[in-house]
Amino acid sequence: MPGDLPPESEWPAWMRRAQDGDHGAYRMVLRAILPAIRRIAARRIFDEDLVEDAVQDTLMTIHRLRHTYDPARPLMPWVGAIAVSRAIDVLRRSGRTRRFEIMDDEAMDAAADHASADPGEAWGNEREVARLLGRLPQRQRMMVEMVKLKEMSLDDAAGASRMSVSAVKSLLHRALARLREDGNA
């Protein structure tokens, strides 16, 4: 609760207490700085999922490096430097991944052929689909089954799998690319 949080001028003293092992003080400091970390990340990153990744990375880094903080100095410049660095790291990782993954929703929608004229042909298609799905990693297979076979929306698949929509899209894209490769081989 905001009323329970120490004012910013007291944060260095609370962090010192946290460094000395006071778990309550540590929780209070983390709760107090969390909104600032989120704002710093959101100023640099426009994808909400990536903002949360940066926030989590920042909190983990603060936890790992809290012994390096000097309580004689203000806390927020130290936290801000870590938050900016983690936001940049998240953007770099995201850029490397997105450079190799092309999201083509029209191609993904066109990949599934739901119509079959001959019931015998449908049985053969089902066996072929099962064979191809069996070659996919579990998470990719799960996304294809949810979105393409069960016709779940991306939001529903994300909720059911406890993943972000962008993660579902990414897994689905990789799965369909692999299925295209395997189907042409």
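I'm taking contact to mean heavy atoms within 4.5 Å. This is a predicted model, so I keep local features only at pLDDT of at least 70 and side-chain atom pairs only at pLDDT 80 or more, while totals for chains, interfaces and linings use all residues. Residues are numbered from 1 along each chain as its sequence is written, and side-chain values use heavy atoms, with hydrogens and water left out.

**Entry 1: overview**

I looked up the elements and found 9 helices and 0 strands in the protein chain. Helices here are DSSP runs of H or I with at least four residues, strands are runs of E with at least two, and numbering goes from the N terminus. Reading from the N terminus, I get α-α-α-α-α-α-α-α-α. Of the 185 residues in the protein chain, 33% are buried. Buried is under 20% relative accessible area, exposed is over 50%, and partly exposed is in between (1.4 Å probe, protein chains only). I also checked contacts between residues at least 6 apart in sequence: 62% of them join residues at least 24 apart.

**Entry 2: α1 against α2**

Next I looked at helix α1 (residues 11-19) and helix α2 (residues 23-44). They pack at an angle of about 140°, with axes 8 Å apart. Axes are lines fitted to C-alpha atoms, for helices over the stretch in contact, and angles run from 0 to 180 degrees between N-to-C directions. That angle makes α1 oblique to α2. The classes are roughly parallel under 35 degrees, roughly antiparallel over 145, roughly perpendicular from 65 to 115, and oblique for the rest.

Which residues of α1 and α2 meet? From α1 I list W11, W14, M15, R17 and A18; from α2, A25, Y26, M28, V29, A32 and I33. By class, this contact of α1 with α2 has 10 nonpolar, no polar and 1 charged residues. Nonpolar covers Ala, Val, Leu, Ile, Met, Phe, Trp, Tyr, Cys and Pro; charged covers Asp, Glu, Lys and Arg; the others, Gly among them, are polar.

**Entry 3: cores**

I then went after the largest nonpolar core, which has 29 residues, with M15, I33, I62, L75, W78 and V79 having the most contacts inside it. A nonpolar core is a set of buried Ala, Val, Leu, Ile, Met, Phe, Trp, Tyr and Cys residues joined through side-chain atoms within 4.5 Å. At least two residues of this core come from each of α1, α2, α3 (48-65) and α4 (75-100). The largest share, 10 residues, is from α2. Skipping neighbours within four places in sequence, V79 is in contact with I33, I37 and I62. There is a second, separate core of 16 residues, which includes M143, M146, A157 and V168.

**Entry 4: α7 and Q140**

α7 and helix α8 (residues 154-161) pack at about 135°, with their axes 9 Å apart. That makes α7 oblique to α8. On the α7 side the contact is made by M142, M143, M146 and V147, and on the α8 side by L154, A157, A160 and S161. I sort these into 7 nonpolar, 1 polar and no charged.

The buried residues of α7 are Q140, M143, V144, M146, V147 and K148. Is Q140, in helix α7 (residues 138-149), buried or exposed? Q140 counts as buried because its relative accessibility is 11%. Not counting residues up to four places away in sequence, Q140 touches L171, R174, A175 and R178. Just after α7, I noted that E151 takes a positive phi of about 55°.
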